[in-house]
Amino acid sequence: MFLFLISSICFGYEYHAKWHDRPDVIICESSNVNKESFIQAIDYWEQRGYNIVNDIIFKRECNHNRIEDTIVVRSDDGRVKDYQHAVTNIKWSDKNLVFATIYISEGSENNLNVLKHELGHAFGIKHTSDNSDIMYKKVN
Ligand SMILES: [Zn+2]
């Protein structure tokens with residue numbers, strides 16, 4: 001029973017899809033996301049058993065939004081609404097993620113809760129109805 005409870009905490013999220021192989025993360029310089037902030041967001045998930053990310057790469061120039069097997073972090077290109085901090089687009093095929101792109105709006109670049117939440121989406125995780133959870137639809 002105890003083991004069952006632990007696994008239900010670790011695997012309690014619903015997914016759109018999952019990564020088959022661990023993706024790299026590319027952080028575009030123009031996103032203004034600070035590498036240390038992003039590493040803290042990755043640590044948050046790793047402490048909860050989500051060892052999903054392979055390598056973190058900083059790129060001065062990001063020409064492509066969509067790179068297979070990669071989570072790309074970039075600045076908003078107009079798709080983030082006024083009431084949002086960020087938007088994450090994911091594409092999957094046969095329940096396996098193909099790519100994820102996180103668009104961060106100006107002013108939210110180093111908001112740790114936003115980075116954690118969007119990284120959760122980039123892992124394929126859906127919103128939860130638990131308003132105390134980082135994957136609740138509203139993040140402060
Ligand atoms: Zn969300």
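Helix 3 (residues 112–122) is largely enclosed by the rest of the structure, because eight of its 11 residues are buried. The structure is a predicted model. The buried positions of helix 3 are Val-114, Leu-115, His-117, Glu-118, Leu-119, Gly-120, His-121 and Ala-122. These residues pack against helix 2 (35–46) and against three strands: strand 3 (70–75), strand 4 (86–93) and strand 5 (96–104). After helix 3 comes Gly-124, which has a positive phi, near 95 degrees.

Confidence varies along the chain. The mean pLDDT of the chain is 90, and 92% of the residues score at least 70. Among the elements, helix 3 has the highest mean pLDDT, 97. Helix 1 (residues 2–10) has the lowest, 49. Within residues 5–9 the pLDDT falls below 50. This stretch has zero contacts in the model beyond near neighbours in sequence.

The chain contains three helices and five strands. Along the sequence they follow the pattern α-β-α-β-β-β-β-α. The radius of gyration is 15 Å, which agrees with the value near 14 Å for a compact globule of 140 residues. Along the principal axes, the C-alpha atoms fill a box of roughly 50 × 30 × 25 Å. Buried residues make up 26% of the 140. Of the contacts with a separation of 6 or more, 71% join residues 24 or more positions apart.

The five strands form an open sheet. Their order is 2-1-3-5-4, and the pairing is mixed. Strand 2 (56–59) and strand 4 are the edge strands, each pairing on one side only. From one strand to the next, the twist averages 15 degrees. Helix 3 packs on this sheet and touches strand 3, strand 4 and strand 5. The direction of helix 3 makes about 15 degrees with that of strand 4. Helix 2 lies across strand 1, strand 2 and strand 3. Helix 2 runs at about 155 degrees to strand 2.

Strand 4 and strand 5 pair in the antiparallel sense, over eight bridges. The two strands form a hairpin, with two residues between them. Asp-94, in the turn, has a positive phi of about 50 degrees. Ser-93 stands opposite Asn-96 of strand 5. Elsewhere in the pairing, Ile-90 stands opposite Ala-100 of strand 5.

The largest nonpolar core holds 24 residues. Ile-27, Ile-71, Val-73 and Ile-102 touch the most other members of this core. At least two core residues come from each of strand 1 (24–28), helix 2, strand 3, strand 5 and helix 3. Strand 5 supplies the largest share, five residues. Beyond residues up to four places away in sequence, Ile-102 touches Ile-71, Val-73, Ala-86, Thr-88, Glu-118 and Ala-122. Two of these partners, Glu-118 and Ala-122, are among the buried residues of helix 3.

Notes. Residues numbered from 1 in each chain as written. Predicted model: local features only at pLDDT ≥ 70, side-chain atom pairs only at ≥ 80, totals over all residues. Buried ≥ 20, exposed ≤ 12 C-beta atoms within 10 Å, placed from the backbone. Helix = DSSP H or I, 4+ residues; strand = E, 2+ residues; numbered from the N terminus. Contact = placed C-beta atoms within 7 Å. Rg over C-alpha atoms; globule rule 2.2 N^0.38 Å. Core = buried A, V, L, I, M, F, W, Y, C linked by C-beta atoms within 7 Å. pLDDT = per-residue confidence, 0-100. Pairing = 2+ DSSP bridges. Axes fitted to C-alpha atoms, helices over the stretch in contact; angles between N-to-C directions.
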